[in-house]
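Visitor: I would like a close look at one part of this model, please. Keep it brisk, and then show me how that part sits with the rest.

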Amino acid sequence: MTLPLDALAIAASVRQGQCSATEIARAALARIRAKPDLLAVTRILEDRALAEAALVDAQVARGEDPGPLAGVPYGVKDLFDVAGLPTTAGAARLEFAEPAAHDAIAIERLRAAGAVLCATLNMDEFAYGFVTDNARWGITRNPHDPDRFAGGSSGGSAAAVAGGLLSFTLGSDTNGSIRIPASLCGLFGIKPTHDSLPMEGTFPFVHTLDDIGAFARSASDLALIDSVLRGEPAANDAGPLRVALLGGWFARDLVPDLRAALDTLASAIGPLPTVEPEGVAAARSAAFVLSAWEGGRLHAPSLASDALSYDPATRDRLIAGAALPEDVHAEALARREVFAHTFDTIFARYDVLIAPTVVGPAPLIAHPVVTIDGEEKPARANLGLFTQPISFLGLPVIAAPLAVPGLPLGIQLIGAKGSDARLIAFARDLEAKGLLATKLRD
Amino acid sequence: MNERDALFSPRSIERDDAVLAAAVGEVLGLALPEPCTPGVAANVRILSGHLATMRAASETPAQEQTR
């Protein structure tokens, strides 16, 4: 019997006694061990996974329902607290830190729903980057082309799902760290309405912008996982939606294949109006500055005492951010108020806005740049061109994979705050119509 | 203009890496290790550019069109 990998299929099989959670967990652990070259996994949690799976199997044997994610194997970005383990946040300097006393709340909710935690996953150090180039745990490879980045900072989380290691994973998104790797690896992901999913037990980066969310193999799986994390039922129907494309800033520098795919999508849904919000450049820069300001101050004491223990690519960004003037934080928040008003006006007329996630496919590791206005800029800091202005506002976004040949290309489905479930339902509709499709290397 | 504002000014970021990184160390009250110099200087210049973009924003409403 071939064991399923989709979360919905696994949970159904385990709940009906067609396969055991232990079989599923052993298969996941074997897949992780078979693909070490992805550098997606930082720690394999074999004992914990088998213990959790055994509990699920015991519940099934007693005739109890283990929950909607019964036996589904998953992993978490290495900034979620896992009881008994140091929370490294991708930092070598925390590899032997004091172990976490408790699981993060998100992990508690998943465990209560029957999910089985199998691994912690690679990331840019302290979540400050868009490529997952980690000085201690290496560069996570894109499962669709190992010469390319998986994206970041939640790159291990994306590669583990796209590479067929795990059924779903958790990551975090401050400026694009779920949406970018989801796009580059061909997955669904969610950056939820700010502060709508539990952050307790996660290592912070930029308190004002940080959120957690999931990577999934389908929009239906994403709906299930998100509903468990949220403790609310998923929406079955998106209802009638007014949809528009974001143009202007969000139409710049696109590779021809992505531009063509967006046109195809717009024709299939629409015709769609295009909205060109003003002030995007300033908003993106404000998000950039705000991140540097908060991240720099968070790490300033440690940098003062032991700067050389940091990943150089993170360290120097944080040091520069720590030196920013005090009033810059308030300036950035004032800029956000203005930009939020712009989007309030747009959401009075539309329910969903569609924008690209990244200008093109995953950059090559040997040539780590993204071309903006004809100029090559470091991918680590600049892949967030289209994602930073949106998360700056705390809006919910579904990262969705376009149904295209070749390397993955992704879009953002953006809604007003609180419309998360409706956005996921919209993604499910588009997936059912064949307009969105994950790319998986099982 | 205070010390931190001056650090990110257009004139300040024209200084060479060593001088700029030393100025950062002075603002933070620490001696930056030498390996930090080029990266810190580069990131101060990047942040200076973003500060200028953030502050130079025009405030016109969204434009809309149907294609």
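Of the 67 residues of chain B, what percentage count as buried?

Guide: The model is predicted. In chain B, 37% of the 67 residues count as buried.

Start with the layout of that chain. Chain B holds 3 helices and 1 strand. Read from the N terminus, the order is α-α-α-β. Now take its contacts that span a separation of 6 or more. Of these, 42% join residues 24 or more positions apart.

The helices of chain B also lead over to chain A. There, helix α10 of chain A covers residues 312-322. This helix is mostly covered, with 9 of its 11 residues buried. The buried set opens with A:Thr314, A:Arg315, A:Asp316 and A:Arg317. A:Leu318, A:Ile319, A:Ala320, A:Gly321 and A:Ala322 complete it.

What do these buried residues of α10(A) pack against? On the chain B side, the partners are α1 (3-7), α2 (17-28) and α3 (37-55). On the chain A side, they are α9 (280-306) and α12 (379-382). So the buried residues of α10(A) have packing partners in chain A and in chain B.

Next, a single residue in chain A. A:Arg179 sits in helix α6, which covers residues 179-185. Is A:Arg179 buried or exposed? A:Arg179 counts as buried, because its relative accessibility is 0%, and the cut-off for buried is under 20%. Its side chain has a polar atom 3.0 Å from the backbone oxygen of A:Thr387. A:Thr387 is also on the contact list of A:Arg179, which leaves aside neighbours within four places in sequence. Others on that list are A:Asp173, A:Lys191, A:Thr357 and A:Ile390. A:Ser391, A:Val397, A:Ala399 and A:Gln412 are there too.

Last, a pair of helices in chain A. Helix α4 runs over residues 105-112 and helix α7 over residues 219-230. Their axes come within 8 Å and cross at roughly 115 degrees. That angle makes α4(A) roughly perpendicular to α7(A). The crossing is right-handed. From α4(A), the contact uses A:Ala106, A:Arg109 and A:Leu110. From α7(A), it uses A:Val228, A:Leu229 and A:Arg230. By class, the contact between α4(A) and α7(A) has 4 nonpolar and 2 charged residues, and no polar ones.

Notes. Residues numbered from 1 in each chain as written. Chains lettered and ligands numbered in written order. Predicted model: local features only at pLDDT ≥ 70, side-chain atom pairs only at ≥ 80, totals over all residues. Heavy atoms only, no water. Helix = DSSP H or I, 4+ residues; strand = E, 2+ residues; numbered from the N terminus. Buried < 20%, exposed > 50% of the residue type's maximum accessible area, 1.4 Å probe, protein only. Polar contact = N/O pair within 3.5 Å; in protein donor to acceptor, adjacent residues only side chain to side chain. Contact = heavy atoms within 4.5 Å. Axes fitted to C-alpha atoms, helices over the stretch in contact; angles between N-to-C directions. Parallel < 35°, antiparallel > 145°, perpendicular 65-115°, else oblique. Left-handed = near helix turned anticlockwise from the far one by under 90°. Nonpolar A, V, L, I, M, F, W, Y, C, P; charged D, E, K, R; others polar.
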